[in-house]
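Subject: Structure handover

Hello,

Here is the structure you were expecting, with its sequence. My notes on what I found in it follow below.

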Amino acid sequence: KVKSNNLDVEVTGSELETEEKGTEEESTRESDSNILDVSSEYPREKHISIQRHLADLEKLADLKEAEKKPCPLCPEEKFKACYSHKLHRHLQNLHWKVSVEFEGYRMCICHLPCRPVKPNLTGDQTFSKMGAHYHCIICSATIMRRTDMIGHINRHVNKGETESRFITVPAPKSSYEVLKESATDVQVLPNHSTPHKTDSYFNPKMKLNRQLIFCALAVLAEERKPIECLDAFGATGIMGLQWAKHLRSSVKVTINDCNENSVTMIQENCHLNKMKVKLNTKEEDNDEAMGDGDQNTDTIEVTKMDANVIMHLRSFDFIHLDPFGTSVNYLDSAFRNVRNLGIVSLTSTDISSLYAKAQHIALRHYGCNIVRTEYYKELGARIVIAAVTRAAARCNKGIEVLLAVALEHFVLVVVRVLRGPSPADDSAKKIRYLIHCQWCEERIFQKESNMVEENPYQQLPCDCHGSMPGKTAVVLGPLWSGALFNTGFLRRMLFEAVQYGLDEVQPLLKTLVCEAECTTLKHFSTHSPYDENKQEECGVYIKTPNTSAESYLVHGKRKSEEVIRNAAKRQKSENSAEHPAFYYNIHRHSIKGMNMPKLNKFLNYLSEAGYRVSRTHFDPMGVRTNAPLAQFKSILMKYSTPTYTGGQAEGPVHLAEDLQAGEQAQAPADGKAEDAEFLEEDDESGVAATMFTKDYPAHCAAD
């Protein structure tokens with residue numbers, strides 16, 4: 001229960017008078033909402049225990065060397081009047097040092113009878129240590145413990161309630177912080193980086209993720225205009241604001257969030273960036289939400305609904321999902337009404353399950369069995385794509401993976417939607433199981449077959465099962481076995497990044513283009529000879545910045561036989577040039593006692609051996625190549641140098657195969673020398689026996 005006593009403290013000379021004046025107390029277990037209901041709405045004078053400096057607290061006592069003065073925060077029964085030097089130490093040690101600081105003010109501990117203590121055994125109320133308390137500068141509550149007072153103030157800050165209710169306290173600065181990213185201003189709460197403590201979560205580390213999604217949307221906006229795009233989890237609205245501010249009339253932006261405080265902040269951020277807001281919180285009016293396209297050029301629609309509800313009710317060309325954790329709960333709704341050739345992008349932040357740290361959660365959310373491997377990041381990306389493929393297939397839709405990025409904090413997947421049962425079947429066939437050898441890290445996707453194999457280990461290129469005891473391989477999956485990148489789409493994303501001046505994302509996009517083509521940066525080119533004018537994705541010709549207006553066809557319309565034949569030929573060539581699955585970590589396969597070559601030199605050695613090779617964004621020391629693991633290790637062994645060379649000259653180490661011929665040639669000589677070796681062994685054993693008899697007694701030697 002909340003009790004209220006009235007108190008007003010005034011200091012005149014050496015007297016301290018107390019009057020009742022509307023002060024509330026609160027138990028630490030009560031919610032902050034009760035505090036706001038009890039406290040009065042009109043401003044009042046601040047309590048004397050709340051001061052800026054220690055000198056202000058000393059002025060209340062009116063310290064004079066010749067006179068004894070009482071403590072302004074203690075009753076006379078607790079602390080008697082004393083001289084100035086003693087009172088100064090008392091104020092400093094017992095009040096000021098244990099104070100709670102907030103926005104330049106100190107809430108000192110108070111021993112005055114502001115709140116009564118419980119009576120003792122005799123029934124009298126005595127002012128003991130239990131009577132000490134703090135006065136909240138925000139809601140005027142009285143709290144006994146210092147740790148509880150700090151938590152009480154933090155709860156006010158988390159809710160954005162930092163405005164004081166006292167007249168003499170100047171109005172504090174705004175509780176919002178204004179952050180700027182890509183020419184877009186957003187105001188956030190001070191605790192914006194803690195997702196569980198605030199409604200408007202804003203992570204500056206996800207800037208690269210937001211730029212990748214913006215480039216993907218900019219590419220789609222070049223294909224058709226205008227497009228309706230949805231940011232299903234708005235939070236602060238930073239992503240939707242960037243879309244509307246840079247792409248202008250090419251997009252119709254809808255920002256959604258189910259939290260009322262987040263919706264309010266999104267509206268304020270829209271006004272901060274001089275954007276018009278169209279608020280829609282009624283589910284019945286969704287059909288009329290974006291009716292007139294001309295008058296909504298600089299208008300952002302803000303909705304307050306569940307993400308599944310709005311995606312079921314309306315159709316969009318571009319949908320982005322960025323929930324807290326996994327996004328599998330929203331995939332069915334996302335693919336239900338997304339338009340043909342639209343794009344769905346999703347950001348998964350459940351890194352512990354995708355990166356095989358919490359394998360039981362991965363089995364629960366994605367239905368996949370995984371273990372920790374050297375290529376665990378790509379494994380996590382393929383897990384997400386497999387879940388996306390199954391959700392799209394349930395809606396009779398197929399997908400084409402345009403982009404898959406797995407970094408430290410998130411996994412981003414961008415897919416294009418292809419409507420129809422045939423694309424759905426083709427996509428579903430690309431979900432397979434993976435056989436992984438736990439000894440040598442060799443891996444291979446299982447063959448497409450319904451027949452049960454007696455020995456699935458035979459599919460692995462390595463012979464660890466025959467040479468090692470026990471079961472050496474595990475079955476992982478189901479996983480996506482297709483390509484992770486679309487080269488043409490990545491090139492156009494790079495073009496848009498250059499156009500809009502997104503410098504931070506350009507190095508990553510260049511790495512992705514090289515990884516998609518499985519080439520090194522030395523062979524990187526912005527446009528390939530065959531795609532200077534148009535790009536083909538899943539048999540669909542799509543306009544690029546250099547494309548004339550007449551050359552592009554729409555998927556689903558009738559095509560001539562020549563166009564179909566050309567599309568089939570191009571698809572075959574693209575499939576043959578598809579980047580190899582997974583990568584090898586050069587440190588994982590290094591030889592003990594040998595110095596590895598530099599990574600760029602090692603890439604050149606693999607390329608000179610006739611293999612396709614590139615670096616990967618998944619691992620800074622990873623190598624994506626179509627070379628088998630045995631050849632990978634042999635080339636690494638060949639160009640490694642011993643750690644301690646001594647008097648040997650530097651150069652490549654001879655391979656084991658090169659040494660076999662010399663061993664066979666020396667076989668007769670070795671046969672003649674075997675007798676001498678056995679004699680030497682007998683001599684050594686005799687010496688050991690004599691040493692044994694010298695060190696131990698005779699009965700031990702006989703044993």
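Please keep in mind that this is a predicted model. I start with helix 12, where 15 of the 19 residues are buried, so this helix is largely enclosed by the rest of the structure. Helix 12 covers residues 376-394 and reaches 28 Å from its first C-alpha to its last, close to the 27 Å expected at 1.5 Å a residue. Just after helix 12 comes Asn396, which takes a positive phi of about 60 degrees.

Next, the sheet. There is an open sheet of 8 strands with mixed pairing, in the order 14-15-13-12-16-17-19-18. Its edges are strand 14 (276-280) and strand 18 (397-406), each of which pairs on one side only. On average, and ignoring direction, neighbouring strands of this sheet are turned by 20 degrees against each other.

Within the sheet, strand 16 (residues 316-321) and strand 17 (residues 338-348) run parallel and are joined by 5 bridges. In this pairing, Phe316 stands opposite Val338 of strand 17.

Two helices lie across strands of the sheet. Helix 7 (residues 260-272) lies across strand 13 (251-256), strand 14 and strand 15 (299-303), and its direction is at about 160 degrees to strand 14. Helix 13 (residues 421-428) lies across strand 18 and strand 19 (411-419), and runs at about 45 degrees to strand 18. Both edge strands, 14 and 18, therefore appear in these contacts as well as at the borders of the sheet.On cysteines: a disulfide is a covalent bond between the sulfur atoms of two cysteines. The count here comes to 0 disulfides. Why do Cys462 and Cys440 not form one? The sulfur of Cys462 has its closest cysteine sulfur in Cys440, at 3.6 Å, which is too far for a bond because the sulfurs would have to be within 2.5 Å. A further cysteine, Cys368, is buried, with a relative accessible area of 1%.

Last, a phenylalanine in helix 15. Phe495 lies in that helix, which spans residues 487-499. Is Phe495 buried or partly exposed? Its relative accessibility is 34%, so Phe495 counts as partly exposed. The C-alpha atoms of Phe495 and Gln506 are separated by 9.2 Å, and the two residues are 11 residues apart along the chain.

Regards

Methods:
Residues are numbered from 1 along each chain as its sequence is written. This is a predicted model: local features need pLDDT of at least 70, side-chain atom pairs count only at pLDDT 80 or more; totals for chains, interfaces and linings use all residues. Side-chain values use heavy atoms; hydrogens and water are left out. Buried means under 20% relative accessible area, exposed over 50%, partly exposed in between (1.4 Å probe, protein chains only). Helices (H or I, at least four residues) and strands (E, at least two) are DSSP runs, numbered from the N terminus. The expected span of a helix is 1.5 Å times one less than its number of residues. Two strands pair if DSSP finds at least two bridges between them. Axes are lines fitted to C-alpha atoms, for helices over the stretch in contact, and angles run from 0 to 180 degrees between N-to-C directions. Contact means heavy atoms within 4.5 Å.
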